[in-house]
Amino acid sequence: MKNQYRINEQIRVREVRIVGDGGSTVVPTREALDMARDQGVDLVEISPNANPPVCRLIDYSKFLYQQKKRQKEMKAKQVKVEVKEIRFGPQTDEHDYQFKLKHAKEFLEEGNKVRAYVFFRGRSILFKEQGEVLLLRFANDLEEYGKVESMPSLEGKKMFLYLAPKKAGVAKKSQQARDREASVAEARETAKLQEEQTPSNGGLFANAKISADALKKLTETEDE
């Protein structure tokens, strides 16, 4: 920063604009240098691209201190966006789901991103469709708080879903959102009934696949 600004004799233009608490005035550069010497300060060029360049009469060390302090304050005010992780198992129970949903809402409201994923252990990878259903439900339940950046995708033994916070405040649910939620609930209920009526060796997989297909259609409808 010390070499970022030209001061005193380094300023080699014919005239400059002096700015201060009392306003601004254009004077020859030689006169501005005399003013600086009389006041025991420096002539500091703060806007070289202006016509004429803009300068201040100030102690250069004090000026640098003010600039560093201002940059520090601006940096402190900047919102730091973090990525918060939410982990599920393919058979997460309702209580655990609601607990993690609550935390995800808080993360998004604070302006953070959310990376939710389902971790498949051993043979549970056979039921990856069930994990997809879970993540799609998660995205739907967080519709008012965040937007989907990336749909569920399988990477190794983990299936990821990425959500970003909505910039605007929490909005009321639209009729379309309410209709979609009703359709999701109906799809889950249908899958549940089919699971009860299907032999145990294929019920879970069938349920997951049917629910996934239903939720995918809802997501595609929203995009259209």
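Which side chain does the side chain of Asn112 make a polar contact with? The close-ups below come from a predicted model, and the first one has the answer.

**View 1. Asn112 and its polar partner, Glu110.** Here the side chain of Asn112 meets the side chain of Glu110 in a polar contact of 3.5 Å. To find the spot, look for the loop that runs between helix H3 (94-109) and strand E6 (113-119), which is where Asn112 sits. Asn112 counts as buried because its relative accessible area is 6%, and the cut-off for buried is under 20%.

**View 2. A four-stranded open sheet with helix H1 packed on it.** Read across the sheet and you get the order E2-E1-E4-E3, with mixed pairing. Strands E2 (23-28) and E3 (42-47) are at the edges; each has a single partner strand, so one side of each has no neighbour in the sheet. From one strand to the next, the twist averages 40°. Helix H1 (residues 29-39) packs on this sheet and touches E1, E2, E3 and E4. The direction of H1 makes about 115° with that of E2.

**View 3. Strands E1 and E4, paired in the parallel sense.** Quick reminder: strands of a sheet pair through backbone hydrogen bonds, either parallel or antiparallel. Strand E1 (residues 15-20) and strand E4 (residues 54-58) are joined over two bridges. Find Ile18, and opposite it stands Cys55 in E4.

**View 4. Helix H4, mostly covered.** H4 takes in residues 128-141, 14 residues in total. From its first C-alpha to its last it reaches 20 Å, close to the 20 Å expected at 1.5 Å a residue. How many of the 14 residues of H4 are buried? The count is 12, including Glu129, Val133, Leu134, Leu135, Leu136 and Phe138. Charged-looking names turn up in the buried list too: Glu132 and Arg137 are among them.

**View 5. Tyr117 and Phe160, a tilted pair of rings.** A pair of aromatic rings is described by the distance of the centres and the angle of the planes. For Tyr117 and Phe160, the centres are 5.5 Å apart and the planes are at 40°, so this pair is tilted. The two rings link distant parts of the chain: Tyr117 belongs to strand E6 and Phe160 to strand E8 (residues 158-165), 43 residues apart. Are these two residues buried or exposed? Both Tyr117 and Phe160 are buried.

**View 6. A cluster of rings.** Tyr5, Tyr60 and Phe63 are linked into a cluster by ring pairs. The model has seven aromatic pairs in total.

Technical notes. Residues numbered from 1 in each chain as written. Predicted model: local features only at pLDDT ≥ 70, side-chain atom pairs only at ≥ 80, totals over all residues. Heavy atoms only, no water. Expected span 1.5 Å × (residues − 1). Buried < 20%, exposed > 50% of the residue type's maximum accessible area, 1.4 Å probe, protein only. Polar contact = N/O pair within 3.5 Å; in protein donor to acceptor, adjacent residues only side chain to side chain. Pairing = 2+ DSSP bridges. Axes fitted to C-alpha atoms, helices over the stretch in contact; angles between N-to-C directions. Contact = heavy atoms within 4.5 Å. Phe/Tyr/Trp six-rings, centres within 6.5 Å; stacked < 30°, edge-to-face > 60°.
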